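This briefing describes the fold and selected side-chain contacts of one protein chain. Please keep the sequence and the structure in view while reading.

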Amino acid sequence: MAATRASLWLAGLSVTSVVGYSGRNRRVSLSRRMAVSTEQKSSSAAAVTTGGLIETRRLLEEEKKGRKEESELISNVYSKPEEITKESGKKLKDYLEESKDLMIGSSDGGPPRWFTPLECGSHTRDSPLLLFLPGIDGTGLGLIRNHHRLGKVFEMRCLHIPVKDRTSFTDLVKLVERTVRSEYKRSPYRPIYLVGESLGACIALDVAARNPEVDLMLILANPATSFSRSQLQSLIPLLELMPNIPYMLNLVSGDPLRMAWENLVKGLLPLQTVGEITQDLIAMSSYLSVLADMLPRETLLWKLQMLRSASASATSHLHAVKAQALLLCSGKDQLFPSQEEGQRLRRMLPKCEIRLFQESGHFLLLEDNVDLVTSIKGAGFYRRGKYLDHVSDFMPPTPYEFKKLLYEPNRWVLDVTSPVMLSTLEDGKVVRDLAGIPSEGPVLYVGYHMLLGFELAPMGIRFLTERNIILRGIAHPMMFIRLREGKMPNLAEFDTYRLMGAVPVSGPNFYKLLSSKSHALLYPGGVREALHRKGEEYKLFWPEQSEFVRMASKFGAKIVPFGVVGEDDIGELVFDYNDQMRIPSLRTFIKELSEEFVQLRTDANGEVANQDVHLPGVLPKLPGRFYYYFGKPIETEGRKQELRDKEKSHEVYLHVKSEVERCIAYLKEKREKDPYRNLLSRLLYQATHGFTAEIPTFEL
């Protein structure tokens, strides 16, 4: 089991610390809220006459706390992940119907023009500009499935090229360039996103090559720079000779049909999803004439000839492209060798990332399972200003993103380990839930990092589902940047961590997170603790000097020490760092890995300074159980001046460390009395009480 998830946990081990952010987009029932307020206010009024001013204040505090808890309960959109469904949006039939309307409206063949979809008007004032450059269809509707979500975070414009228009590729580049220059002059500190599909990707590359001083962000979907190696190349002479080529129409229309059928046979889809696919198939059958009108013989021949010149021009100018680029490449593209071309472009462009969609066809952005906003967020490709700010530019995951990218891939971890989470209330009482977690930030959770970060996924899920708190990560730089390409996993392997809010480790990022009242979960032991050696489980590898106390006191953050145990109940470490360093080939491999990313704690001494990344060998066991214990919060509010003193700060640091060790010792002792520590006993309990029943644990 551990072996099959090795790549996931390799990503987890890189996390130096995790930071939480209170969920946004809260939806509170007004009637429920008013009912709570009325009841509590009447109680407070009665207290004035019977209990005096002190009792009134106490009740007002209880009122405030109760109202907050009620609000959190009502508004937590993550609380029931099984019931979360995808936001309904436009479908393939909408693309065809609106394409037909556009063709009718531009039947004069007039010049290319920009338009803004009606559903794209809810963005904020500081949103970056996104210009969509269409592919061979020219409609400008290639993002129709993404319009609603894109419109919330971008100012959007789409380029429409009428069917009868014969503007050359060079003139299309100049048209887009004029818009780019005009917008750059108007807002020089706002990035401009060029999203290009096939032909549009070539336009975007040429515009970027001609304008290196403009802050451009390129998103290129199946770029047509590989046209010379495409089967479309051979169609040009055939189209010149023959009046009709049904094969070409099959290529254009067959891709969505194949997509719909393949989605259907993937099996076990809910009935409503099957119904949507069926509707798309009916739409395709009904609107084949629309596609024929979109690409009549003369237009198709013109577009293919334009693709040939566009490919040659963009390829010849690649050396001049300085902009950041994100390549989206399909594994089953029927028109271009997109994945092969993506790897070529990745090597040639200086600041380029690639994301592969193995089951997708050429019309990638029209496919139902491709969400462009999710891809942008996961790649860390969204920014509002001149430079990426990992804190202010962060967009919390939608409920569906949480379900698909965190909950569903890690549900097996929850099922297998049945995590027990304990927290401490203000009066010191230990409870079996997260009720003791402070509601308002900034809060700094400081604890032990289990082997390979096994504790991260269950903790992140439970904080979201129970308390609506998003765990973010101050993470190792290797999750964000490479010094050179080599043996490390592709950066795409870390997309989920970035989407959930991970940020590169740095003082400024830590400052910004606390100043924005985040819930921060810090692992002072970092990589050394997460990649400990045999016999070192539950041993802390913290630096001698405090790294977080004075920063926490600057913002009055509560510090919550916590311990977690259970790694020794799911696997045995049999091949550790010391074993691997004795083998020359593995020793060389580990050293080469270390040269691919920025090193941390280079000024430290001893084992804390050993930040070498490797993948330890773990022999799986019949799974036991994970246990988490969050201690009583340590207040720093009002101690800013006091904790500026290094000795006072260090005293608090040592106190936090001792509390973490106490939490670990408590859990190790208590789990011995848990009758359901073993997987078999838990399965038997669920067989008799239902598989959704909460499994008991030791007495508190």
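What percentage of the 700 residues in the chain is buried? The model is a predicted one, and in it buried residues make up 55% of the chain. The secondary structure comprises 24 helices and 18 strands. Among contacts with a sequence separation of 6 or more, 82% join residues that are 24 or more positions apart.

**The seven-stranded sheet**

- An open sheet is built from seven strands in the order β2-β4-β3-β5-β6-β7-β8, and its pairing is mixed.
- The edges are occupied by β2 (113–115) and β8 (352–357); each has a single partner strand, so one side of each lacks a neighbour in the sheet.
- On average, neighbouring strands of this sheet are turned by 20 degrees against each other, direction ignored.
- Strands β5 and β6 are parallel partners joined by six bridges, and Leu194 stands opposite Leu218 of β6.
- Strands β6 and β7 also pair in the parallel sense, over five bridges; here the bridge partner of Leu218 is Ala325 in β7.
- Strands β7 and β8 pair in the parallel sense over six bridges, with Leu356 in β8 as the bridge partner of Cys329.
- Strand β7 (residues 324–330) is mostly covered, as six of its seven residues are buried.

**Helices around the sheet**

- Helix α6 packs on the sheet and touches β2, β3, β4 (155–160), β5 and β6. The direction of α6 makes about 160 degrees with that of β4.
- Helix α7 (residues 199–210) has 12 residues and spans 17 Å from its first C-alpha to its last, close to the 16 Å expected at 1.5 Å a residue.
- Of the 12 residues of α7, 11 are buried, so this helix is largely enclosed by the rest of the structure.
- The buried residues of α7 include Leu199, Cys202, Ile203, Leu205, Asp206 and Val207. Gly200, Ala201, Ala204, Ala208 and Ala209 of the same helix are buried as well.
- The cover over these buried residues includes the strands β3 (129–133), β5 and β6 (216–221), together with the helices α6 (169–186) and α12 (297–316).

**Aromatic pairs**

- How many aromatic pairs does a search of the whole structure find? The search finds 18.
- One of these pairs is formed by Tyr193 and Phe381, which meet edge-to-face at 6.2 Å centre to centre, with 80 degrees between the planes.
- Tyr193 lies in strand β5 (residues 192–197), whereas Phe381 lies in the loop between α14 (372–378) and α15 (399–417), so the pair ties together parts that are 188 residues apart in sequence.
- Both partners of this pair are buried: Tyr193 has a relative accessible area of 0%, and Phe381 has one of 4%.
- Trp542 and Phe548 form another edge-to-face pair, with 6.5 Å between the centres and 80 degrees between the planes.
- Trp542 counts as buried because its relative accessibility is 4%, under the 20% limit for a buried residue. Phe548 is buried too, at 1% relative accessibility.
- Ring pairs also link Tyr445, Phe463, Tyr523, Phe562 and Phe630 into a cluster.

**Charges over rings**

- Which ring does the charged end of Arg472 sit over? The ring belongs to Phe394, and its centre is 3.9 Å from the charged end of Arg472.
- Arg528 lies over the face of Phe541, at 4.0 Å from the ring centre.

**A long-range approach**

- Asp126 is placed in the loop between β2 and β3.
- Is Asp126 buried or partly exposed? With a relative accessibility of 42%, Asp126 counts as partly exposed.
- In sequence, Asp126 and Arg384 are 258 residues apart, while in space their C-alpha atoms are 6.5 Å apart.

Key
Residues are numbered from 1 along each chain as its sequence is written. This is a predicted model: local features need pLDDT of at least 70, side-chain atom pairs count only at pLDDT 80 or more; totals for chains, interfaces and linings use all residues. Side-chain values use heavy atoms; hydrogens and water are left out. Rings of Phe, Tyr and Trp (its six-membered ring) pair if their centres lie within 6.5 Å; planes under 30 degrees apart count as stacked, over 60 as edge-to-face and the rest as tilted. Helices (H or I, at least four residues) and strands (E, at least two) are DSSP runs, numbered from the N terminus. Buried means under 20% relative accessible area, exposed over 50%, partly exposed in between (1.4 Å probe, protein chains only). A charge sits over a ring if NZ of Lys or CZ of Arg is within 6 Å of the ring centre and within 35 degrees of the ring normal. The expected span of a helix is 1.5 Å times one less than its number of residues. Contact means heavy atoms within 4.5 Å. Two strands pair if DSSP finds at least two bridges between them. Axes are lines fitted to C-alpha atoms, for helices over the stretch in contact, and angles run from 0 to 180 degrees between N-to-C directions.
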